[in-house]
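Trainee: I would like to learn how to read the pairing of strands and the turns between them. May we work through an example together?

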Amino acid sequence: MSENGAADAQQTPAAVKMNVLAQFVRDMSFENILAQKGVSGEVQPDVQVQVNLDAKKRSAENQYEVVLKLKVESKSKSSADMLFLLELDYAGVFNIEGVPAEQLHPFLLIECPRMLFPFVRRIVSDVTRDGGFPPLNLETIDFVALYRNEIMRRQQATAATGEERKLDA
(Lines give C-alpha, C1' and ligand atoms only; values in the text may rest on other atoms or scores of the structure.)
Protein backbone atom coordinates (compact mmCIF):
# COMPACT_ATOMS: atom_id res chain seq x y z
CA MET A 1 0.00 0.00 0.00
CA SER A 2 1.38 3.45 -0.86
CA GLU A 3 1.81 6.27 1.62
CA ASN A 4 -1.21 8.03 0.11
CA GLY A 5 -3.30 4.90 0.54
CA ALA A 6 -2.34 4.69 4.21
CA ALA A 7 -3.16 8.38 4.74
CA ASP A 8 -6.52 7.95 3.01
CA ALA A 9 -7.35 5.00 5.24
CA GLN A 10 -6.58 7.07 8.35
CA GLN A 11 -8.85 9.92 7.22
CA THR A 12 -11.82 7.69 6.43
CA PRO A 13 -14.19 7.92 9.40
CA ALA A 14 -15.36 4.70 11.00
CA ALA A 15 -18.95 3.77 10.28
CA VAL A 16 -21.30 4.91 13.02
CA LYS A 17 -23.15 2.04 14.67
CA MET A 18 -26.01 2.54 17.09
CA ASN A 19 -27.99 -0.30 18.61
CA VAL A 20 -30.82 0.05 21.10
CA LEU A 21 -30.07 -2.61 23.70
CA ALA A 22 -33.01 -1.87 25.98
CA GLN A 23 -35.73 0.70 26.56
CA PHE A 24 -37.99 1.02 29.55
CA VAL A 25 -40.17 3.25 31.71
CA ARG A 26 -37.94 4.29 34.58
CA ASP A 27 -40.61 6.30 36.39
CA MET A 28 -44.16 7.36 35.59
CA SER A 29 -46.90 9.21 37.43
CA PHE A 30 -50.35 10.19 36.20
CA GLU A 31 -52.69 12.23 38.37
CA ASN A 32 -56.25 12.75 37.18
CA ILE A 33 -56.98 15.84 39.26
CA LEU A 34 -60.25 16.51 37.45
CA ALA A 35 -61.71 13.18 38.62
CA GLN A 36 -60.33 13.64 42.16
CA LYS A 37 -62.17 16.96 42.47
CA GLY A 38 -65.36 15.50 41.03
CA VAL A 39 -65.64 18.16 38.33
CA SER A 40 -67.76 17.31 35.31
CA GLY A 41 -68.81 18.97 32.10
CA GLU A 42 -66.96 20.27 29.08
CA VAL A 43 -63.51 21.69 29.76
CA GLN A 44 -61.14 23.29 27.25
CA PRO A 45 -57.61 22.10 28.11
CA ASP A 46 -54.39 24.08 27.92
CA VAL A 47 -51.54 21.56 27.68
CA GLN A 48 -47.93 22.42 28.54
CA VAL A 49 -45.10 19.96 27.83
CA GLN A 50 -41.63 20.23 29.36
CA VAL A 51 -38.80 18.06 28.03
CA ASN A 52 -35.50 17.29 29.73
CA LEU A 53 -32.76 14.92 28.65
CA ASP A 54 -30.08 13.10 30.56
CA ALA A 55 -27.28 10.91 29.24
CA LYS A 56 -24.54 9.00 30.99
CA LYS A 57 -21.86 6.46 30.23
CA ARG A 58 -22.48 2.96 31.52
CA SER A 59 -19.79 0.65 32.86
CA ALA A 60 -19.78 -1.51 29.72
CA GLU A 61 -17.68 -0.31 26.81
CA ASN A 62 -19.54 1.84 24.22
CA GLN A 63 -22.78 1.73 26.24
CA TYR A 64 -24.75 4.80 27.23
CA GLU A 65 -28.05 5.40 28.97
CA VAL A 66 -30.25 8.22 27.73
CA VAL A 67 -33.35 9.33 29.63
CA LEU A 68 -36.13 11.38 28.04
CA LYS A 69 -38.06 13.14 30.82
CA LEU A 70 -41.49 14.59 30.11
CA LYS A 71 -43.75 16.66 32.31
CA VAL A 72 -47.19 17.22 30.84
CA GLU A 73 -49.57 19.59 32.62
CA SER A 74 -53.12 20.13 31.46
CA LYS A 75 -55.10 23.03 32.88
CA SER A 76 -58.51 24.41 32.12
CA LYS A 77 -58.29 27.43 29.80
CA SER A 78 -61.20 29.14 31.55
CA SER A 79 -60.35 28.61 35.23
CA ALA A 80 -56.65 27.56 35.13
CA ASP A 81 -57.60 24.57 37.33
CA MET A 82 -55.32 21.58 36.89
CA LEU A 83 -56.93 18.73 34.92
CA PHE A 84 -54.11 16.20 34.92
CA LEU A 85 -50.39 15.87 35.47
CA LEU A 86 -48.26 13.26 33.72
CA GLU A 87 -44.59 12.77 34.50
CA LEU A 88 -42.63 10.19 32.53
CA ASP A 89 -38.96 9.17 32.56
CA TYR A 90 -38.30 6.88 29.62
CA ALA A 91 -34.82 5.40 29.28
CA GLY A 92 -32.90 3.71 26.54
CA VAL A 93 -29.62 1.82 26.69
CA PHE A 94 -27.56 2.28 23.55
CA ASN A 95 -24.41 0.71 22.16
CA ILE A 96 -22.67 3.40 20.12
CA GLU A 97 -19.52 2.96 18.06
CA GLY A 98 -17.69 5.11 15.55
CA VAL A 99 -18.80 8.52 16.84
CA PRO A 100 -15.87 10.91 17.39
CA ALA A 101 -15.52 12.04 21.02
CA GLU A 102 -16.30 15.69 20.16
CA GLN A 103 -19.58 14.63 18.52
CA LEU A 104 -20.70 12.14 21.16
CA HIS A 105 -22.51 14.67 23.40
CA PRO A 106 -24.82 16.00 20.66
CA PHE A 107 -25.29 12.46 19.30
CA LEU A 108 -26.47 11.22 22.70
CA LEU A 109 -28.85 14.16 23.21
CA ILE A 110 -30.24 14.35 19.65
CA GLU A 111 -30.13 10.98 17.89
CA CYS A 112 -30.87 8.75 20.87
CA PRO A 113 -33.98 10.70 21.97
CA ARG A 114 -35.20 10.60 18.36
CA MET A 115 -35.14 6.82 18.59
CA LEU A 116 -37.06 6.84 21.90
CA PHE A 117 -39.65 9.47 21.02
CA PRO A 118 -42.19 7.30 19.11
CA PHE A 119 -42.45 5.00 22.13
CA VAL A 120 -42.85 7.95 24.51
CA ARG A 121 -45.57 9.41 22.27
CA ARG A 122 -47.46 6.12 22.39
CA ILE A 123 -47.21 5.86 26.19
CA VAL A 124 -48.47 9.43 26.66
CA SER A 125 -51.37 8.79 24.30
CA ASP A 126 -52.34 5.53 26.02
CA VAL A 127 -52.01 6.87 29.57
CA THR A 128 -54.08 10.00 28.92
CA ARG A 129 -56.76 7.94 27.17
CA ASP A 130 -56.79 5.32 29.93
CA GLY A 131 -56.94 8.18 32.46
CA GLY A 132 -60.29 9.33 31.07
CA PHE A 133 -59.15 12.07 28.69
CA PRO A 134 -58.89 12.21 24.92
CA PRO A 135 -55.56 10.66 23.85
CA LEU A 136 -52.81 13.28 23.87
CA ASN A 137 -50.75 12.91 20.70
CA LEU A 138 -47.51 14.80 21.25
CA GLU A 139 -46.16 16.79 18.36
CA THR A 140 -42.72 15.81 17.13
CA ILE A 141 -39.97 17.31 19.28
CA ASP A 142 -37.10 19.08 17.53
CA PHE A 143 -34.19 17.66 19.52
CA VAL A 144 -31.65 19.67 17.49
CA ALA A 145 -33.33 22.95 18.50
CA LEU A 146 -33.64 21.72 22.09
CA TYR A 147 -29.92 20.90 22.15
CA ARG A 148 -28.92 24.26 20.64
CA ASN A 149 -31.12 26.17 23.10
CA GLU A 150 -29.55 24.34 26.04
CA ILE A 151 -26.01 25.06 24.76
CA MET A 152 -26.89 28.76 24.35
CA ARG A 153 -28.46 28.86 27.83
CA ARG A 154 -25.31 27.34 29.34
CA GLN A 155 -23.06 29.78 27.48
CA GLN A 156 -25.14 32.73 28.68
CA ALA A 157 -25.08 31.42 32.25
CA THR A 158 -21.30 31.02 32.06
CA ALA A 159 -20.91 34.53 30.61
CA ALA A 160 -23.15 35.98 33.35
CA THR A 161 -21.16 34.16 36.06
CA GLY A 162 -17.92 35.49 34.54
CA GLU A 163 -19.31 39.04 34.57
CA GLU A 164 -20.36 38.66 38.23
CA ARG A 165 -16.82 37.55 39.11
CA LYS A 166 -15.38 40.62 37.35
CA LEU A 167 -17.72 42.88 39.33
CA ASP A 168 -16.75 41.21 42.61
CA ALA A 169 -13.02 41.63 41.93
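Mentor: Two strands pair if DSSP finds at least two bridges between them. In this predicted model, strands E2 and E3 run antiparallel and are joined by 13 bridges.

Trainee: Which residue in E3 stands opposite glutamine 48?

Mentor: Glutamate 73 is the residue in E3 that faces glutamine 48.

Trainee: How many residues lie between E2 and E3 in the hairpin?

Mentor: The hairpin formed by E2 and E3 has five residues between the strands. Asparagine 62 belongs to this loop, which links E2 (45–57) to E3 (63–76).

Trainee: What should I look for in the backbone angles of such a loop?

Mentor: Most residues other than glycine have a negative phi. Asparagine 62, however, has a positive phi, near 65 degrees. Alanine 80 also has a positive phi, near 65 degrees, and is found in the loop between E3 and strand E4 (82–97).

Trainee: Why does asparagine 62 count as partly exposed?

Mentor: Partly exposed covers values between the cut-offs of 20% and 50% relative accessible area. Asparagine 62 counts as partly exposed because its relative accessibility is 25%.

Trainee: Is glutamate 65 buried or exposed?

Mentor: Buried means under 20%, so glutamate 65, at 7% relative accessibility, counts as buried. This glutamate 65 is found in strand E3.

Trainee: Which residues is glutamate 65 in contact with, leaving aside its neighbours within four places in sequence?

Mentor: With those neighbours left aside, glutamate 65 is in contact with Phe24, Arg26, Asp54, Ala55, Lys56, Arg58, Gly92 and Val93.

Methods: Residues numbered from 1 in each chain as written. Predicted model: local features only at pLDDT ≥ 70, side-chain atom pairs only at ≥ 80, totals over all residues. Heavy atoms only, no water. Helix = DSSP H or I, 4+ residues; strand = E, 2+ residues; numbered from the N terminus. Buried < 20%, exposed > 50% of the residue type's maximum accessible area, 1.4 Å probe, protein only. Contact = heavy atoms within 4.5 Å.
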